[in-house]
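Biologist: Could you take one part of this model and go through it slowly, as you would for someone in a first year of study? I would like to see how the part is placed and then how it fits into the whole.

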Amino acid sequence: MQKIEAVIQPSKLDAVKDALVEIGVSGITILEARGHGRQKGHTEFYRGREYAVDLLPKVKIELVVGDDLLEKAIQAIIAAARTGRIGDGKIFVSKIDEAIRIRNDERGEIAL
Ligand SMILES: Nc1ncnc2c1ncn2[C@@H]1O[C@H](COP(=O)(O)OP(=O)(O)OP(=O)(O)O)[C@@H](O)[C@H]1O
Ligand SMILES: [Mg+2]
């Protein structure tokens, strides 16, 4: 199992969520976030305005998928979130050791 954490532009959330449902991901968690990348926020625009603050609104998506779905999920996120401009976001991937469904003790990929 793999965890995908994707920081994206808030305006791309619906498109990314739909794309992930389309390829068959089960669960997903959305967090409202603020952050900056290598431009440190200063030169980035949000909704057509240059922001005076150095932390810009972002959305963080977290999902855990089976290994077989990892590359499809990454490609779905990229296709839905990319504009080609700075600040499009970033994807981080890490291994997950265990998943447990609290309701019935199911473990592993069956619990996703
Ligand atoms: N190394 C990192 N660690 C944690 N979060 C990061 C990291 N890099 C970027 N982020 C998060 O992703 C958001 C979007 O990053 P962003 O797309 O601006 O990355 P970038 O490296 O500056 O690339 P670009 O040049 O395309 O803008 C940031 O606002 C921040 O929340
Ligand atoms: Mg940036």
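Modeller: Let us start with Glu5, which is found in strand S1, a strand that covers residues 2–8. Please keep in mind from the start that this is a predicted model. The relative accessible area of Glu5 is 16%, and because buried means under 20%, Glu5 counts as buried. Although Glu5 is a buried residue, its side chain has a polar partner, for a polar contact of 3.0 Å joins it to the side chain of Lys60.

Gln2 is also found in strand S1, and with a relative accessible area of 11% Gln2 is buried as well, because this value too is under 20%. The side chain of Gln2 makes a polar contact with the side chain of Asp67, at 3.4 Å. Strand S1 therefore holds two buried residues, Glu5 and Gln2, whose side chains take part in polar contacts, with Lys60 in the case of Glu5 and with Asp67 in the case of Gln2.

To place this strand in the whole, it helps to follow the chain from the N terminus on, where the elements run β-α-β-β-β-β-α-β; in total the protein has two helices and six strands. Of its 112 residues, 32% are buried, and along its principal axes the C-alpha trace spans about 50 × 25 × 20 Å.

At the other end of the strand numbering we meet ligand 1, since strand S6, residues 89–95, gives the most to the shell around this ligand, with three residues. There are 13 residues around ligand 1, and those that come nearest are Arg38, Gln39, Gly87, Gly89 and Lys90. Sorted by character, the residues of this shell divide into three nonpolar, six polar and four charged.

Several backbone atoms lie beside oxygen atoms of the ligand: a polar backbone atom of His36 is 3.1 Å from an oxygen atom of ligand 1, a polar backbone atom of Arg38 is 2.8 Å from one, and a backbone N or O atom of Gly87 lies 2.7 Å from one. Taken alone, ligand 1 exposes 610 Å², and the protein buries 72% of that area. The space that ligand 1 takes is the largest pocket.

Note on methods:
Residues numbered from 1 in each chain as written. Chains lettered and ligands numbered in written order. Predicted model: local features only at pLDDT ≥ 70, side-chain atom pairs only at ≥ 80, totals over all residues. Heavy atoms only, no water. Near = heavy atom within 4 Å. Polar contact = N/O pair within 3.5 Å; in protein donor to acceptor, adjacent residues only side chain to side chain. Areas by Shrake-Rupley, 256 points an atom, 1.4 Å probe, with all protein chains shown as cover. 1 Å grid on protein atoms, 1.4 Å probe; cavity = no way out; pocket = protein on both sides within 12 Å on 5 of 7 lines; lining within 4 Å. Sits in = over half its atoms within 2 Å of the grid points. Helix = DSSP H or I, 4+ residues; strand = E, 2+ residues; numbered from the N terminus. Nonpolar A, V, L, I, M, F, W, Y, C, P; charged D, E, K, R; others polar. Buried < 20%, exposed > 50% of the residue type's maximum accessible area, 1.4 Å probe, protein only.
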